[in-house]
Amino acid sequence: MIWLIVLIVVIALLVIYAVVTYNSLVRLRNQSEEAFSDIDVQLKRRHDLIPNLVETVKGYAAHERQVFENVTAARSAATAAHGPEAQAQAENALTGALRQLFAVAEAYPDLKANQNFLELQNELTDTEDKIQASRRFYNMTVRDLNTKIQQFPSSVIARFANAGEREFFELEDPAERAVPTVSFGTASA
Amino acid sequence: MYRQITSNKRKSLALLAGFLVLYGVLGYVLSLWFGVAALVIALVIAVVMLFINLYMADDLVMAVAGARHIERKEEAPELWRMVENLAITAGLPMPRLYVVEDESPNAFAAGRSPKQAIVAVTTGLLERLDEEELEGVLAHEVSHIRNYDVRLMTWAAVLAGSIALLAQIFMRGMWFGGGDNNRNANPIVLVVVIVSLILAPIAAILIQFAISRRREYVADASAAELTRYPQGLASALEQISAAAKPSARLGNQAIAHLMIMAPLGARGHTSKLFSTHPPPEDRIGRLAQMAGGADHRHEDLTEGRAMPRPGEHRELPPEEPMASTGL
């Protein structure tokens, strides 16, 4: 009799654990999807700024055609890209092209003083900050999701639930998501 | 870093459980003397106080602190942008922003949920800190919001407050010979009741402050996670503790637990045990440990950016951004 009760309790606990884990996997997956679309919003904002920026620079440095073409091509590649890895690559290319554009702008003092140019530059910087911010949130969520999928025993539930790991969204710098490896549990209270 | 966050969370849960136990014990002891009515009264008081605190505290706090609402980005673009970016990093909606006209550098968060959250900073803070320090402080406040600390601390404050109130009510009730059950009670029960009425409020406050200190450590650690730059917050804490001065406005005990650092007026001559915040030196020490491994700031300067932020110096020429990752 007592063994029956023990058995029932153990099974009940296992079921509860499975349900809780499954739900948290679902929550993390949805969260990371939402986080990814937040990055998309910021990326789109970045792409929307570029035509204006190119036009403004053109007004002062019309003969630097190659640079404009590079930026425009990189922009359309970035708009077309899909999935974290492809998008990250395209964004990096775009960042490179934009750096060239700004390097060109350096040579034109009038352009650098142009109010419109300054505003666009500020907007772009702000957008890039926001891309970084939303990317960090996405990467943190993905890290939590992937940890859950890899760790035992939640990995068992993940296999049954068919939960897949997600890719990190990284720009340039793989060290970004690396966690500082210091532990503080033992610091004096 | 993450391990510190989890361990801190576990400890605050334990403290909260301690609170409930204390409440239960006090209720039980009182019911020995006064009957079941005491338990009901205790419960009603707690619920009413909780309700008042959760639904009116935001406005009360803002009124006490005399804060000015920043409604549009244009009013304080730098501050707005910083908070906006931190909120995105933490996956939170943009909190409402307030500025308090006060010399003493301080900041606090309020609001019962991330959707109704408030972040307030003093003008003294804005004047004194540089960009990275301010970012650290704001990240600390945003972390309080993300970790639901405001709600937790409201619970703690209410429980502590209602225990104190209960103790007072029943103390008086005893002097005036209240209750019908005390005719056949024995003197030992009487002593137990009196002692617990005296000790319970003290224990409650100790627990409340212990939870508060715990949450400060958690918020410091998650701020470091958000900004990836523990040094910013560390040097901000140094500045704040050096520049702290008694402030009539912020020195109000009622909102002390919300501040980034205990305001002087509220702290007075208390020991560590009776403080809502851990000593700044200790917090700075822990942040320094977090920073110990690597300085991740270098990479952030060039990462994904077409140009450096105004006023920032790139560590390396743009042609070789990868070189900056070689730590």
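The following paragraphs lead through a predicted model, beginning with chain A as a whole, then turning to one of its helices, and ending at a single residue of chain B.

Chain A is built from helices: it has six of them and zero strands. Read from the N terminus, its elements follow the order α-α-α-α-α-α. The radius of gyration of this chain is 24 Å, whereas the globule rule gives 16 Å for 189 residues; the value is well over that figure, so chain A is more spread out than a compact globule. Along the principal axes, the C-alpha atoms of the chain fill a box of roughly 90 × 45 × 25 Å.

The interior and the surface of chain A may be considered next. Of its 189 residues, 41% are buried. Among the contacts in chain A with a separation of 6 or more, 77% are accounted for by residues 24 or more positions apart. The chain exposes about 10200 Å², and carbon and sulfur atoms supply 59% of that area. As for charge, chain A carries 18 positive and 24 negative side chains, and the centres of these two sets lie 5 Å apart.

Helix α6 of chain A, which spans residues 154-161, shows how a single element is placed within the chain. Its buried residues are S154(A), S155(A), I157(A) and A158(A). Viewed down the axis of α6(A), these buried residues fall within an arc of 160°, so they line one face of the helix. A general property of helices is relevant here: an α-helix has 3.6 residues a turn, so residues three or four places apart point the same way.

What do the buried residues of α6(A) pack against? Their partners are two other helices of chain A, namely α1, covering residues 2-60, and α5, covering residues 115-150. On the face of α6(A) turned away from the buried side are the exposed residues R159(A) and F160(A). After α6(A) comes N162(A), a residue with a positive phi, near 60°.

Chain B offers a view at the level of one residue. T123(B) belongs to helix α4 of that chain, which comprises residues 123-128. Is T123(B) buried or exposed? Its relative accessible area is 16%, and the residue counts as buried because this value is under 20%. Leaving aside residues up to four places away in sequence, T123(B) touches V99(B), V100(B), E101(B) and D102(B).

Key. Residues are numbered from 1 along each chain as its sequence is written. Chains are lettered from A and ligands numbered from 1 in the order in which they are written. This is a predicted model: local features need pLDDT of at least 70, side-chain atom pairs count only at pLDDT 80 or more; totals for chains, interfaces and linings use all residues. Side-chain values use heavy atoms; hydrogens and water are left out. Helices (H or I, at least four residues) and strands (E, at least two) are DSSP runs, numbered from the N terminus. The radius of gyration is taken over C-alpha atoms; the globule rule is 2.2 Å times the number of residues to the power 0.38. Buried means under 20% relative accessible area, exposed over 50%, partly exposed in between (1.4 Å probe, protein chains only). Contact means heavy atoms within 4.5 Å. Accessible areas come from the Shrake-Rupley method with a 1.4 Å probe; for residues, only the protein chains shown count as cover. Lys and Arg count as positive and Asp and Glu as negative; His and the chain ends are not counted. The place of a charge is taken as NZ of Lys, CZ of Arg, CG of Asp or CD of Glu. The arc is that of the directions from the helix axis to the C-beta atoms.
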